[in-house]
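Visitor: I have a model open and would like to learn how to read it. Please take me through it feature by feature.

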Amino acid sequence: MKSLHKKFFKMHCIIITFIMMLFTTTKSYGYTEATIIINGNTGEVLHSYNATKKIYPASLTKIMTLYITFEALKNGLLKLDQQLLISKNAASQPPTKLWLKEGETISVEEAINALIIKSSNDVAVVFAENISQTESKFAELMTKTAKGLGMKNTQFKDASGLTAENQSTTAEDLAMLSMAILQHFPEYYKYFSNKSFSYKGKTYYNYNRILTKYEGADGIKTGYIDESGFNLVASALKNGKRVIAIVIGSKSQYTRDEEMKDLLDYGFVRLNDSTEKTEYALWKSIKDERSDTYFADITNQTNKANNTDKATWGIQVGAYNTQDFAKNALKNAQTELKNITSDLKTSIEPTKTKSNTTVYRSRFYGIQNRSTAEKACSELQQSGMDCMIIRPDLLTTSIN
């Protein structure tokens, strides 16, 4: 009997542990506060979600610190081999850091690599003090520079991105800054593609895993603090076309990277097809990624609905990492579009991406004409939601 009780207790513990693991995984998977994708050659916005919402920049702040550093290099105020003095204030910064020592020096080029790859808070202060004497003055220069670049919703209070009162930016502003670095300092942008660097006999590896996970990726920067979650600005170049994408507020490095890969994929599809062919290419790409079994299941589940809605339009209001988020997106869209979506059918379609992860696409279908679909998407986009129109032929092709 005691043996039976022990076995039961052991199994009970295993089940509870498993449930807790599922709960934790579900809780931390799939939430993103803001995203944006732009054409890196023209600045055209290809997608945005909450892109003007103010957020903590975290270590993405260091992109502006680097912009000002590159400007100083271009103007001859700094040189790559120049030695920068390390102050007590710089050395005392909290991690992540290079553990610099007061009174020593570090070269500008070493400091650039440390700021990009190691995201070193002490190095950020070294740049601030050597360029503007004090970090507070440097922060004023950062904000002034931001305004000059058109970053109207950005204010900096330090050089590193550690939590500071009233320090904020937006995904939209960060996209402007990233494109500005590419356009203004192409000779220095190459540092963002470095996967590692060595300092005093120790090798450090870039936190930006997209450099090794995505073909064509060549920069630019990660960021994290508790207040902002996991953030990433990434840029990739394929066949002369560049996409810049930003993810703000992911719950883990993994979900941040997975969503970034999807955003970059979406951006290149948009760039590689004309406006008229874009939707077809997107849906063709989605179809190609699905398994035959799943595709057959979708066919069986939706044939009846399509028989009555053959000539109707659809809209997609996002692709999410969990079904719960996909359902919430549909509910939010229904709230925003009470007069349009009340009689429409809804669909949540799981889709396997190229990286073998599953995303859930939230859709409405049964819209009677294009103008109504366009109006629906316009209203959703104005409220900060994502939306894409699906033509009747693409809607029926994608699910038949």
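Guide: What follows goes from the whole chain to a sheet, two enclosed elements, the core, the rings and two loop residues. This is a predicted model, in which local features need pLDDT of at least 70 and side-chain atom pairs count only at pLDDT 80 or more, while totals for chains, interfaces and linings use all residues. Residues are numbered from 1 along each chain as its sequence is written, and side-chain values use heavy atoms, with hydrogens and water left out.

Visitor: How many helices and strands does the chain have?

Guide: Helices (H or I, at least four residues) and strands (E, at least two) are DSSP runs, numbered from the N terminus. The chain has 16 helices and 13 strands.

Visitor: What share of the chain is buried?

Guide: Buried means under 20% relative accessible area, exposed over 50%, and partly exposed in between, with a 1.4 Å probe and protein chains only. Of the 400 residues in the chain, 52% are buried. Contacts can be read in a similar way; a contact means heavy atoms within 4.5 Å. Among contacts between residues at least 6 apart in sequence, 64% join residues at least 24 apart.

Visitor: In what order do the strands of the open sheet lie?

Guide: Strands of a sheet pair through backbone hydrogen bonds, either parallel or antiparallel. Here two strands pair if DSSP finds at least two bridges between them. The open sheet has five strands in the order β2-β1-β9-β8-β7, and the pairing is antiparallel. Its edge strands, β2 (45–49) and β7 (217–225), each pair on one side only. From one strand to the next the twist averages 5°; axes are lines fitted to C-alpha atoms, for helices over the stretch in contact, and angles run from 0 to 180 degrees between N-to-C directions.

Visitor: How many bridges join β8 to β9, and how many join β1 to β9?

Guide: β8 and β9 run antiparallel with eight bridges, and β1 and β9 pair in the antiparallel sense over six. Ile244 in β9 stands opposite Ser235 and also opposite Ile38. Strand β1 (residues 34–39) pairs with β2 over four bridges, with His47 in β2 as the bridge partner of Ile37. β8 and β9 form a hairpin with two residues between them, and Asn239 in the turn has a positive phi of about 50°.

Visitor: What lies across the sheet strands?

Guide: Helix α10 (residues 253–272) lies across β1, β2, β7, β8 (229–238) and β9 (241–250), at about 150° to β9. Nine of the 10 residues of β9 are buried, so this strand is largely enclosed by the rest of the structure.

Visitor: Why is helix α4 described as largely enclosed?

Guide: Helix α4 (residues 108–118) is described that way because nine of its 11 residues are buried. Among them are Val108, Ile112, Asn113 and Lys118. Just after α4, Ser119 takes a positive phi of about 55°.

Visitor: Which residues touch the most other members of the largest nonpolar core?

Guide: A nonpolar core is a set of buried Ala, Val, Leu, Ile, Met, Phe, Trp, Tyr and Cys residues joined through side-chain atoms within 4.5 Å. The largest has 62 residues, of which Met64, Phe70, Leu98, Ile106, Ile112 and Val123 touch the most other members. Not counting residues up to four places away in sequence, Val123 touches Leu98, Leu100, Ile106, Ala111, Ala114 and Leu115.

Visitor: How many aromatic pairs are found in the whole structure?

Guide: Rings of Phe, Tyr and Trp (its six-membered ring) pair if their centres lie within 6.5 Å; planes under 30 degrees apart count as stacked, over 60 as edge-to-face and the rest as tilted. The search finds seven pairs. The rings of Phe70 and Phe185 have centres 6.0 Å apart and planes at 65°, so they are edge-to-face. Both residues are buried. Ring pairs link Tyr67, Phe70, Phe185, Tyr188, Tyr189 and Phe192 into a cluster.

Visitor: Where is Phe156, and what is Gln93 in touch with?

Guide: Phe156 is in the loop between α6 (135–148) and α7 (171–184), and counts as buried at 3% relative accessibility. Beyond its neighbours within four places in sequence, its contacts include Thr61, Met64 and Met142. Gln93, in the loop between α3 (88–91) and β4 (105–107), counts as buried at 10%. Not counting residues up to four places away in sequence, Gln93 touches Asn121, Asp122, Val125 and Leu162.
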